[in-house]
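Hi everyone, thanks for coming along. I'd like to walk you through a structure that is probably new to most of you, so please have a look at it with me.

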Amino acid sequence: MCIRASFGRTLALIAIVCSLAAGAHSQSSNGGIDTDPGDPGTGGTSTIDGKIYYPGGRTYDRRINVKLTSASTGDHYTYTDTNGAFTFRRVSPGSYHVVIDAGKEFQPVNETVDIFSSGKARSRGTGQTVTLQINLEPAVRTQIPAPRTVSAKGMAIPEAAAAAYKEAIKLSDAGERNKAIEELKKALAIYPEFMLALNEMGVEYLRLHQADKALEPLRAALKIAPDAFAPQVNYGIALVRLKSYEPAALSLKKAVGQDGSSAEAHLYLGEAMIGLGDYANARLHLVRAVELGGDDGIEAHRYLAAVFIETGQKSDAVRELETYLRLNPKVKDVDKINQVIRQLRAGS
């Protein structure tokens, strides 16, 4: 998934509000809500928060069953929300497997999670919170996956190219961005029309804060698969980061047209509209992101505050910032946000 882009404005308050955008994804979309407080879980105090992504980085948008299993406690089940997020609460110490079957299009997932015992945590009635990011992989590596994420040409991908792509994903998951890019280059040297690899290269450059380098592979991905959602959104993100707001808005409008249920696409389109000074449409898309929920819905409150500051609605801006802090209390820049809130109240 692409990182959140910081978003500067000329007015001092806007700069303070929007420069906080990095690091906004510290909790899963359902992490703060206990949907079934009567469920004893496996009898512990720890939590497993997970989020599922399609190949290429788009948030998984279907509700599916997720199994938590161990030899000592048996099987427990939950469902993802429409942003790919899931949570297991009240997990006791032990070794577990998170098992996901997302259908015949994707390889089965079996992630190991170890919950450690802590005397101090037990005495406080608290435990660990383990966060999982699960990137689905195509079921058959030698075939192009579904046309939503890859080329619809149906051409076979050479095994060597598929192997290099798979290695790139592993390196990316380990934080080795530059090495991942080198593997993607190998894959593309073998198979230049490997749309997944092109999109992933764009994502890696975005994660390295090199939006200018992300543009070329994302353009190439869209040339191969003009209707693919993931590179369309990622291309818009790169343009927003480069402050090319007009083409960013065009790309993100197309993405929203392809998938109107994507909070991420609405969020970035809202950011582009702020850059263009179109606050009415910015508000429209940011409110939609809030309605769709998840991490991007939480982030949208920050940008709505920027819209309200620009349009002189200080009390509404305060409300949005306070909502943001309530939903994301561990944000690193909490002191700066509170400073903005105080300034807005004083200005009122």
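Let me start with a bit of vocabulary: when we compare two helix axes, an angle over 145 degrees counts as roughly antiparallel, and an angle under 35 degrees counts as roughly parallel. Please also keep in mind that what you see is a predicted model.

With that in hand, let's go to helix α12, residues 314–327, and helix α13, residues 334–347. How do the axes of these two helices cross? They cross at roughly 160 degrees and come within 9 Å. The cut-off for roughly antiparallel is over 145 degrees, and therefore α12 and α13 are roughly antiparallel to each other. As for its hand, the crossing of α12 and α13 is left-handed.

Which residues meet there? From α12 we have K314, A317, V318, L321, E322, Y324 and L325, and they meet V334, I337, N338, V340, I341, L344, R345 and G347 in α13. Sorted by class, the residues of this contact between α12 and α13 are 10 nonpolar, 2 polar and 3 charged.

Now for another pair, helix α3, residues 159–173, and helix α5. Their axes come within 11 Å and cross at roughly 20 degrees. That angle makes α3 roughly parallel to α5. The crossing of α3 and α5 is left-handed. On the α3 side the contact is made by Y165, I169 and S172, and on the α5 side by L196, A197, E200, E204 and R207. The classes in the contact of α3 with α5 are 4 nonpolar, 1 polar and 3 charged residues.

Let's step back for a moment and take in the whole chain. How many helices and strands does the protein chain have? There are 13 helices and 7 strands. The chain has 348 residues, and 52% of them count as buried. If we take the contacts with a separation of 6 or more, 60% of them are between residues 24 or more positions apart. The accessible surface of the chain is about 15500 Å², and carbon and sulfur atoms hold 51% of that.

Next, some single residues you might like to find on the screen. R90 is not a glycine, and yet it has a positive phi of about 55 degrees. You'll find R90 in strand β4, residues 85–91. With a relative accessible area of 22%, R90 is partly exposed.

H209 is also worth a look. This residue is not a glycine either, and its phi is positive, at about 60 degrees. Where is H209? Look in the loop between α5, residues 195–207, and α6, residues 211–224. H209 counts as exposed, with 55% relative accessibility.

My last stop is D114, in strand β6, which covers residues 109–115. Is D114 partly exposed or buried? At 38% relative accessibility, D114 counts as partly exposed. Now find P93 as well: D114 and P93 are 21 residues apart in sequence, and their C-alpha atoms are 7.5 Å apart in space. Setting aside the neighbours within four places in sequence, D114 is in contact with G94, S95 and Q128.

That's my tour. If you'd like to go back to one picture, make it α12 and α13, roughly antiparallel to each other. Thanks for listening!

Terms used
Residues are numbered from 1 along each chain as its sequence is written. This is a predicted model: local features need pLDDT of at least 70, side-chain atom pairs count only at pLDDT 80 or more; totals for chains, interfaces and linings use all residues. Side-chain values use heavy atoms; hydrogens and water are left out. Helices (H or I, at least four residues) and strands (E, at least two) are DSSP runs, numbered from the N terminus. Buried means under 20% relative accessible area, exposed over 50%, partly exposed in between (1.4 Å probe, protein chains only). Contact means heavy atoms within 4.5 Å. Accessible areas come from the Shrake-Rupley method with a 1.4 Å probe; for residues, only the protein chains shown count as cover. Axes are lines fitted to C-alpha atoms, for helices over the stretch in contact, and angles run from 0 to 180 degrees between N-to-C directions. Angles under 35 degrees count as roughly parallel, over 145 as roughly antiparallel, 65 to 115 as roughly perpendicular and the rest as oblique. A crossing is left-handed if the near helix is turned anticlockwise from the far one by less than a right angle, and right-handed if clockwise. Ala, Val, Leu, Ile, Met, Phe, Trp, Tyr, Cys and Pro count as nonpolar, Asp, Glu, Lys and Arg as charged, and the others, Gly among them, as polar.
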